[in-house]
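Welcome! Here is a short, friendly tour of a few places in this structure. Take a moment to look it over, then follow the points below.

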Amino acid sequence: MRAFKDGILPGVEFQKARWTGGEITPEIVVLHDTASRLTKGSAANYLRDNSRKVSVHFVIERDGTVVQQVPVDRRANHAGRSNYHGRSGCNGFSIGVEIVNPGRMTSGAGDKARAWYGVLFDLEEYGIEWAETPEQGGGLWMPYAEAQIGALIDLLQSLFDGVDTLKGITTHWYISPGRKVDTNPLFPLEQVRSLTFGREDPVDEQVELASVVVGAGEMVQIDVPGDVLNFRRWPSFNPNVIATIPDGTVVPVLREGEFQGRRWLSVLYGGQEGWIVSGYAAAISFQEAETR
Ligand SMILES: [Zn+2]
């Protein structure tokens, strides 16, 4: 597995969880909601240190702030009894993400919904809706904040680009049926999956039209938190890696473009054209490149 340095995602705050387990090879991401108070830090503080031995890799606050508490290649206790496509004990092969949300609510006084911990939320202010599914049952549910979904997609894209062993995204209710209802029925799972992976890889012609040719002689140096950067056939996170480029390598840039909200560069490496995420390449001058 090419993980992040020490399993920690660059650019997010890391607060080490008390219940950090042994090494794992993560294959799926399990999405949860916290069924907690919405106050920033309250769920994260609990998950970081508690006597019930629970922990999780990432927590996403209502305002989109992400904190990491367990390295991606270490075990966290987020799933409990669970089974994914015939394999039980999902903590042994998954990365857990907790999204702050009150969980299932009941009708409170007036136009309010009541969380299990007694707090009342205004239906209109929070956009709370009644919804019922066979797997989750009925209830009043709070939609996830836009900032949370945006932060989640960024996080998933970073995880799927940085952790080669990851194969899928699932939810707690799916792996612990009848026992768990998170994420809630308002969670846009298909949208999150398609924004993370792209519905399909764009075809060459579309990519060409959507990108521009870069001036001759422009070079970038790979600057990635791990040892190598994925070199891809198309500018998407689908399984399309054709090679990996070692950190520090200088490569010529052919094209650049924005795909699914992210900047990508087409570069030449090992005699092939392919795409890299622009954020992991530092521009260097022609003269600088000549002297290397
Ligand atoms: Zn859960």
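This is a predicted model. Our tour begins at Thr170, which sits in strand β13, covering residues 168-171. From there we turn to a small group of strands and then to a pair of helices.

**Thr170 and its surroundings**
- Thr170 has a relative accessible area of 3%, and because that is under the 20% cut-off, Thr170 counts as buried.
- Beyond its neighbours within four places in sequence, Thr170 touches Ile28, Val29, Val30 and Leu31.
- Tyr84, Ile175 and Arg193 are also in contact with Thr170.

**An open sheet**
- Three strands line up in the order β8-β9-β10 to make an open sheet with antiparallel pairing.
- At the edges are β8 (106-107) and β10 (120-122), each of which pairs on one side only.
- Strands in a sheet are joined through backbone hydrogen bonds.
- Strand β9 (residues 112-114) pairs with β10 over three bridges, in the antiparallel sense.
- Look for Ala113 here: its bridge partner in β10 is Phe121.

**Two crossing helices**
- Helix α3 (residues 146-162) and helix α5 (residues 189-197) have axes that come within 9 Å and cross at roughly 45 degrees.
- That angle makes α3 oblique to α5, and the crossing is right-handed.
- On the α3 side, the residues that meet α5 are Ile149, Leu152, Ile153, Leu156, Gln157 and Phe160.
- On the α5 side, Val192, Leu195, Thr196 and Phe197 take part.
- Sorted by class, this contact between α3 and α5 has eight nonpolar residues, two polar ones and no charged ones.

How values were computed. Residues are numbered from 1 along each chain as its sequence is written. This is a predicted model: local features need pLDDT of at least 70, side-chain atom pairs count only at pLDDT 80 or more; totals for chains, interfaces and linings use all residues. Side-chain values use heavy atoms; hydrogens and water are left out. Helices (H or I, at least four residues) and strands (E, at least two) are DSSP runs, numbered from the N terminus. Buried means under 20% relative accessible area, exposed over 50%, partly exposed in between (1.4 Å probe, protein chains only). Contact means heavy atoms within 4.5 Å. Two strands pair if DSSP finds at least two bridges between them. Axes are lines fitted to C-alpha atoms, for helices over the stretch in contact, and angles run from 0 to 180 degrees between N-to-C directions. Angles under 35 degrees count as roughly parallel, over 145 as roughly antiparallel, 65 to 115 as roughly perpendicular and the rest as oblique. A crossing is left-handed if the near helix is turned anticlockwise from the far one by less than a right angle, and right-handed if clockwise. Ala, Val, Leu, Ile, Met, Phe, Trp, Tyr, Cys and Pro count as nonpolar, Asp, Glu, Lys and Arg as charged, and the others, Gly among them, as polar.
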